Amino acid sequence: MPRTSLFVVILLLTGCGAAPPSSSPPSSSPPRSASPSVPSASPSGPSASPSGPARATGARPDDVDGDGFSDLAFQLDTADPARLVIVYGSRRGLGPGRRTVLGRFVPWLIDGGLHADLDRDGYGDVLAFGAPEGQDRPMLPSVFWGGPAGIPADALPTPIRPPVAGDAGTHRAITGDFDGDGAADIAMALPGETPSDLGPNPSSSGPGLGLLFGPFDRAGTPARRTVRASPTGEEFWHMTADRIGGWPSGLVAFEGDDGEQRSGWLLAGRRGGPAAQARKLTPGMAAAFGDFDGDGVRDLAAGDDGSRNNEPGDETEPPEVDRTLTVYYGDGRERRFKGANGQAIAADLNGDGHDDLIFGRADGGSLPRVHWGGPDGLGPGQPLPGATGTPLTSGDYDGDGDGEAVLMHEGRIQVTDGKRIVASFDAT
């Protein structure tokens with residue numbers, strides 16, 4: 001069966017995995033001078049002051065209520081049925097003081113970083129996958145629209161229709177700025193037979209990748225759309241995308257899996273849309289993107305997420321995959337770390353202009369570690385003090401300009417700055 005989790009959160013870099021590195025990494029824009037990176041769930045633009053602006057600034061795609069602080073959206077699986085929860089940031093950061101449990105929608109999959117201002121009204125929106133509770137409607141990617149009061153508890157989202165007809169129940173979607181025009185877009189996995197384009201005479205082919213380019217109207221209609229063949233050459237459902245940050249977002253589509261580690265296929269970010277040719281990565285179902293060496297070019301960290309196929313004889317992974325994290329730098333360098341597996345998230349936790357990486361999980365003996373970024377890239381993983389959860393997402397929840405990382409385990413939220421747990425509370 002397909003895996004039941006979608007991970008967060010890609011780059012302009014050289015060839016990866018089995019493909020030899022090229023002499024010059026592909027880039028959607030000329031390298032820029034190093035500047036402080038924003039958290040992986042945060043956008044480009046000036047950081048909010050600690051007091052927070054009084055109106056929507058449009059500066060943070062994860063700021064649902066437009067007050068200048070990142071907000072957290074996540075799926076609470078300990079509820080029955082599962083629920084979406086919004087926890088709002090403030091000058092004191094994340095906490096239980098203000099949150100919303102969305103009670104009329106049953107999510108199946110949501111990534112903690114799926115925030116984007118899809119209609120460009122200055123308020124972050126939340127993309128989820130599921131259906132209204134008690135209604136006989138197919139599961140679809142659906143948008144909860146942000147506003148000055150956030151998202152009401154009784155809100156119902158706007159479904160995003162796939163660009164082609166098909167089995168809507170297996171479409172997955174993720175946000176990014178895939179054409180680099182500053183408007184948020186949606187990438188969607190299309191199973192089965194899909195047209196290879198949307199022209200007057202589309203041809204039928206295998207599984208596809210739908211690209212819906214923003215801005216979107218409130219009916220969920222994009223400004224334009226296109227369909228490509230599957231980057232993996234087969235049906236896929238797990239994707240990771242770079243954050244919206246002033247450059248074209250790259251996209252990784254992972255080969256369809258049944259609990260084992262499979263390879264991702266990278267579509268580097270390009271002006272006008274992702275690169276036409278995908279590059280195969282080494283196997284590993286966790287990925288996060290950032291500028292780890294501060295050179296202004298996007299880098300990728302990809303590794304073993306710890307999942308194992310539970311069929312007899314398939315409980316292990318090859319040594320080059322097992323508990324391995326590979327960092328692909330935009331200048332063509334690669335570096336591998338051994339000894340941990342789990343989920344990965346990136347953020348500039350200390351505001352030094354280098355994104356940092358948190359990698360690990362709450363079980364299996366791989367408690368999260370922090371890899372600090374620097375001029376040479378990521379350093380070896382160090383124990384993350386007090387961490388007992390699995391990395392979920394990141395943002396600037398207190399508006400101080402530095403990122404914070406969010407971990408979750410069994411309905412318990414932890415917020416860390418990489419050196420200590422700054423907040424811990426129940427998810428509901």
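# Worked exercises: strands, cores and salt bridges

Arg412 is partly exposed, at a relative accessible area of 34%. Keep this residue in mind, as it returns in the first exercise. The model you are looking at is predicted.

## Exercise 1: A pair across two strands

Find the salt-bridge partner of Arg412 and say which parts of the chain the pair ties together.

**Step 1.** Look for the partner. Arg412 forms a salt bridge with Asp426, and the closest N and O atoms are 2.9 Å apart.

**Step 2.** Place both residues. Arg412 belongs to strand S29 (residues 412-416) and Asp426 to strand S30 (residues 421-426), so the salt bridge ties together parts that are 14 residues apart in sequence.

**Step 3.** Check how accessible the partner is. Asp426 has a relative accessible area of 43%. Buried means under 20% and exposed means over 50%, so a value in between counts as partly exposed. Asp426 is therefore partly exposed.

## Exercise 2: A network of charges

The structure holds 17 salt bridges. Work out which residues are linked in a network with Arg262.

**Step 1.** Begin with one pair. Arg262 and Glu234 form a salt bridge whose closest N and O atoms are 3.6 Å apart. Arg262 sits in the loop between S16 and S17, while Glu234 sits in the loop between S14 and S15, so this pair ties together parts that are 28 residues apart in sequence.

**Step 2.** Look for another partner of Arg262. Glu260 also forms a salt bridge with Arg262, with 3.9 Å between the closest N and O atoms.

**Step 3.** Put the network together. Its linked residues are Glu234, Glu255, Glu260 and Arg262.

**Step 4.** Compare with the cut-offs from the first exercise. Arg262 has 22% relative accessibility and counts as partly exposed. Glu234, at 30%, is partly exposed as well.

## Exercise 3: Reading the edges of two sheets

Two open sheets have the orders S15-S16-S17-S18 and S9-S10-S13-S14. Decide which strands stand at the edges of each sheet.

**Step 1.** Recall how sheets are held together. Strands of a sheet pair through backbone hydrogen bonds, either parallel or antiparallel.

**Step 2.** Take the sheet S15-S16-S17-S18, which has 4 strands and antiparallel pairing. Strand S15 (236-241) and strand S18 (279-283) each have a single partner strand, so one side of each has no neighbour in the sheet and these two are the edges. On average, neighbouring strands here are turned by 30° against each other, direction ignored.

**Step 3.** Zoom in on one pairing. Strand S17 (residues 263-267) and S18 are joined by 3 bridges and run antiparallel. Trp265 stands opposite Lys280 in S18.

**Step 4.** Repeat for S9-S10-S13-S14, also an open sheet of 4 strands with antiparallel pairing. S9 and strand S14 (224-229) have a single partner strand each, so they stand at the edges with one side left free of a neighbour in the sheet. The average turn between neighbouring strands of this sheet is 20°, direction ignored.

**Step 5.** Zoom in again. S10 and S13 pair antiparallel over 5 bridges, and Ala189 stands opposite Leu209 in S13.

## Exercise 4: A core between domains

Explain why the largest nonpolar core lies between domain 1 and domain 2.

**Step 1.** Meet the members. The largest nonpolar core has 32 residues, and those touching the most other members are Leu118, Ile174, Phe178, Ile186, Leu209, Met239 and Leu251.

**Step 2.** See which elements supply them. Among the elements giving two or more residues are strand S9 (172-176), strand S10 (185-190) and strand S16 (251-255). S10 gives the most, with 5 residues.

**Step 3.** Bring in the domains. Domain 1 (58-153) and domain 2 (169-196 + 205-283) both give residues to this core, so it lies between them.

**Step 4.** Note a second core. Apart from this core lies another one of 15 residues, including Leu72 and Met408.

## Exercise 5: An enclosed strand

Is strand S21 (residues 324-328) largely enclosed by the rest of the structure or left open?

**Step 1.** Count its buried residues. In S21, 5 of the 5 residues are buried, so the strand is largely enclosed by the rest of the structure.

**Step 2.** Look at the directions. Thr324, Thr326 and Tyr328 point one way, Leu325 and Val327 the other way, and all are buried.

**Step 3.** Find the partners. Strand S20 (residues 299-303) runs antiparallel to S21, joined by 4 bridges, and strand S22 (residues 334-338) does so with 5 bridges.

**Step 4.** Finish at the turn. S21 and S22 form a hairpin with 5 residues between them, and Gly332 in the turn has a positive phi of about 100°.

Notes. Residues numbered from 1 in each chain as written. Predicted model: local features only at pLDDT ≥ 70, side-chain atom pairs only at ≥ 80, totals over all residues. Heavy atoms only, no water. Pairing = 2+ DSSP bridges. Axes fitted to C-alpha atoms, helices over the stretch in contact; angles between N-to-C directions. Core = buried A, V, L, I, M, F, W, Y, C linked by side-chain atoms within 4.5 Å. Buried < 20%, exposed > 50% of the residue type's maximum accessible area, 1.4 Å probe, protein only. Domains from an automatic or database assignment. Salt bridge = Lys/Arg side-chain N within 4 Å of Asp/Glu carboxyl O.
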